[in-house]
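This report follows the pairing of a few strands and then turns to a single residue within them. The sequence and the structure are shown here for reference.

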Amino acid sequence: MSAGRLYTPEMLAAAVELASYPRLARPSATGDARSQTCGATISLDVHMDAGQVSNIGMLVKACAVGQAAAAIFARHAIGRSAAELDAAHLAILRWLEGTDVLPEWPDLSLIATARAFPARHGAMLLPWKAALATLSTAPASG
């Protein structure tokens with residue numbers, strides 16, 4: 001497949017949304033993740049309230065696929081618990097392995113073309129991995 005088929009206009013538009021999620025000044029928790037396949041990284045900050053994500057900020061160093069995945073994650077992570085994010089991570093992982101249908105995470109279809117590029121799978125999973133690492137150390141509120 002050509003790069004034109006990987007990087008759709010919709011994916012690229014999502015990628016530029018990261019400017020809407022700057023690092024948080026006083027997060028409840030912060031975590032990092034790195035893709036083993038491509039070296040992409042993310043630093044993720046969250047504020048928690050009653051066991052749910054109430055605000056999110058991040059610094060992403062990744063290709064457009066990883067940037068778009070992070071923006072899609074950030075669009076829809078507010079109000080979700082660690083258990084919900086874990087379930088979404090597992091569903092996305094199964095989908096990337098080819099054993100399940102596209103998960104119901106909103107807007108995930110914007111990066112669906114990258115499924116055909118295994119080297120991009122790590123970047124696609126990166127925000128969920130960072131969230132799980134972050135939320136494992138976050139207090140229930142604050």
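## The hairpin of β2 and β3

In this predicted model, the hairpin of β2 and β3 has two residues between the strands, and A50 takes a positive phi near 55 degrees there. Strand β3 covers residues 52-61 and pairs with β2 in the antiparallel sense, the pairing running over nine bridges. One of the residue pairs that can be named in this arrangement is S43 with L59, the latter being the bridge partner in β3.

## The hairpin of β1 and β2

Strand β2, which spans residues 41-49, also pairs with strand β1, made up of residues 29-34, again in the antiparallel sense and over six bridges. Six residues lie between the strands in this hairpin, where G39 takes a positive phi near 85 degrees. Across the pairing, A33 stands opposite I42 of β2.

## The surroundings of I42

Is I42, a residue of strand β2, buried or exposed? Its relative accessibility is 2%, and because buried means under 20%, I42 counts as buried.

Once the neighbours within four places in sequence are set aside, the contacts of I42 include G31, D32 and A33, as well as M58, L59 and V60. I42 is also in contact with A70, L126, P127 and A130. As for L12, which is 30 residues apart from I42 along the chain, the C-alpha atoms of the two residues are separated by 18 Å.

Key. Residues are numbered from 1 along each chain as its sequence is written. This is a predicted model: local features need pLDDT of at least 70, side-chain atom pairs count only at pLDDT 80 or more; totals for chains, interfaces and linings use all residues. Side-chain values use heavy atoms; hydrogens and water are left out. Two strands pair if DSSP finds at least two bridges between them. Helices (H or I, at least four residues) and strands (E, at least two) are DSSP runs, numbered from the N terminus. Buried means under 20% relative accessible area, exposed over 50%, partly exposed in between (1.4 Å probe, protein chains only). Contact means heavy atoms within 4.5 Å.
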